[in-house]
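Work through the exercises below with the sequence and the coordinates open beside you. Each task is followed by a solution that proceeds step by step.

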Amino acid sequence: KPARFDYVRAETVAHAGEILAAAGGDGKVLAGGQSLMPMINFRLVKPTVLVDINHIAGLDTIALDGGRLRLGALVRHRMTAEDGLVKAHVPVLHHAMKHVAHLTVRNRGTFCGSVCHADPAAEMPMMTLLLDGLMHTASSRGTRAVAARDFFVGSLVTALEPHEMVTAIEIDALPPGAGWGFEEFARRHGDYALASVAVVLERQGGHARNVRVATMGVGEMPARMDTVEAALEGSAMDDRALDGAVDLLRAAVAPNSDLNASADYRRHLVGALARRALADAWSRATETAQ
Ligand code: FAD
């Protein structure tokens with residue numbers, strides 16, 4: 001059972017900001033509730049007030065603007081999974097959503113809620129990092145935008161201040177011809193992954209360009225594999241390049257051992273997944289002008 005809390009249905013973003021400010025750091029935004037409610041019931045968090053944002057108008061849209069996709073705070077997983085803009089412009093995200101939880105959770109859970117929850121084995125934080133995401137926040141003190149690289153601070157910890165809410169998240173749409181790969185391994189479909197890798201790259205003159213590689217489940221938070229990206233930039237993506245990339249990736253991750261898998265197993269697994277994701281991305285990429 002939860003500890004006592006007050007409940008406020010916010011009418012606007014400004015109203016939500018007022019309630020959060022008045023709560024002095026002990027308020028929590030309620031979006032889909034799929035992670036927050038279990039945590040409250042287990043008393044892992046004890047907010048004094050829940051600020052329900054589900055009835056704020058205008059937060060449930062996905063829009064494409066200047067090569068970037070903007071997902072509002074009430075975009076549910078199911079909408080992200082089925083949206084035509086996501087499918088056409090960010091196919092790697094469209095594919096990743098197939099691995100997220102189960103139908104009932106997808107009906108309620110939100111993209112922004114998942115990113116704010118920052119589970120190290122959740123798909124959306126990793127995709128936000130892969131796609132150079134920007135979190136738009138609002139509070140009684142004003143608005144700001146936080147880059148994904150600065151947003152994730154640790155397991156279930158973000159740079160979000162207690163009085164702030166995320167109103168939308170912006171991610172890159174893939175450029176024409178870009179290739180992508182996504183691999184994940186979970187014990188059962190819909191479970192949190194033991195490890196996952198996502199890749200985006202372009203192909204110019206037979207060489208890989210603008211390579212992006214992100215992992216999850218193999219560290220305290222999702223991570224961009226900077227050494228792997230640098231090593232593959234300009235490479236021919238042949239066996240030698242891929243073997244080298246896998247070695248670098250295994251050296252860069254810092255998985256934990258837990259009930260589900262040992263750290264060694266996770267490190268081995270993420271390398272195998274990376275090799276497949278890189279090869280898939282390369283084969284999907286089409287030659288574009290330099
Ligand atoms: P909530 O539960 O409402 O909130 C989560 C946290 O984020 C809270 O701290 C809340 O205050 C904060 N928050 C939410 N929205 C905002 C906002 N706009 N601004 C500021 N703070 C905010 N997720 C996966 O990615 N992959 C999975 O495979 C997966 N499997 C699952 C399986 C089960 C059985 C369950 C119950 C959940 C699973 N999830 C999985 C988690 C699911 O995706 C959640 O919906 C998601 O993590 C949180 O989104 P939410 O909208 O429900 O947020």
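**Exercise 1.** Determine into which domains the protein chain is divided, and describe how domain 1 and domain 2 meet.

*Solution.* In this predicted model, the protein chain is divided into domain 1 (6-52), domain 2 (62-172) and domain 3 (179-284). Taking the pair in question, we find that the C-alpha centres of domain 1 and domain 2 lie 19 Å apart. With contact taken as C-beta atoms within 7 Å, 13 residues of domain 1 are in contact with 16 residues of domain 2. On the side of domain 1 that touches domain 2, the largest share comes from helix H1 (residues 13-22), which supplies 6 residues, and by class that side has 6 nonpolar, 6 polar and 1 charged residues.

**Exercise 2.** Describe the shell around the ligand, and explain where the ligand lies with respect to domain 1 and domain 2.

*Solution.* Begin with the count: 30 residues surround the ligand, and the closest are Gly 32, Gln 34, Gly 109, Gly 113 and Ala 122. Next, assign the shell to secondary structure; the elements that give two or more residues to it are strand E2 (27-30), helix H6 (103-108), helix H7 (111-117), helix H8 (123-130) and strand E10 (165-172). Of these, H7 gives the most, with 5 residues. Sorted by class, the shell divides into 16 nonpolar, 10 polar and 4 charged residues. Finally, because domain 1 (6-52) and domain 2 (62-172) both give residues to the shell, the ligand lies between them.

**Exercise 3.** Identify the residues with the most contacts inside the largest nonpolar core, and list the contacts of Ile 53 beyond its neighbours within four places in sequence.

*Solution.* The largest nonpolar core has 88 residues, and those with the most contacts inside it are Ile 53, Ala 198 and Val 199. Helix H12 (residues 263-284) gives the most to this core, with 8 residues. Once the neighbours within four places in sequence are left aside, Ile 53 is in contact with Ala 10, Ala 16, Val 29, Leu 30, Ala 31, Leu 59, Ala 73, Leu 74 and Met 165.

**Exercise 4.** Assess whether the overall dimensions of the protein chain agree with those of a compact globule.

*Solution.* For 290 residues, a compact globule would have a radius of gyration near 19 Å, and the protein chain has 19 Å, so the two agree. The C-alpha trace spans about 60 × 45 × 30 Å along its principal axes, and the chain contains 12 helices and 14 strands. Buried residues make up 47% of the 290 residues, while among contacts between residues at least 6 apart in sequence, 64% join residues at least 24 apart.

How values were computed: Residues numbered from 1 in each chain as written. Predicted model: local features only at pLDDT ≥ 70, side-chain atom pairs only at ≥ 80, totals over all residues. Near = placed C-beta within 6 Å. Helix = DSSP H or I, 4+ residues; strand = E, 2+ residues; numbered from the N terminus. Nonpolar A, V, L, I, M, F, W, Y, C, P; charged D, E, K, R; others polar. Domains from an automatic or database assignment. Core = buried A, V, L, I, M, F, W, Y, C linked by C-beta atoms within 7 Å. Buried ≥ 20, exposed ≤ 12 C-beta atoms within 10 Å, placed from the backbone. Contact = placed C-beta atoms within 7 Å. Rg over C-alpha atoms; globule rule 2.2 N^0.38 Å.
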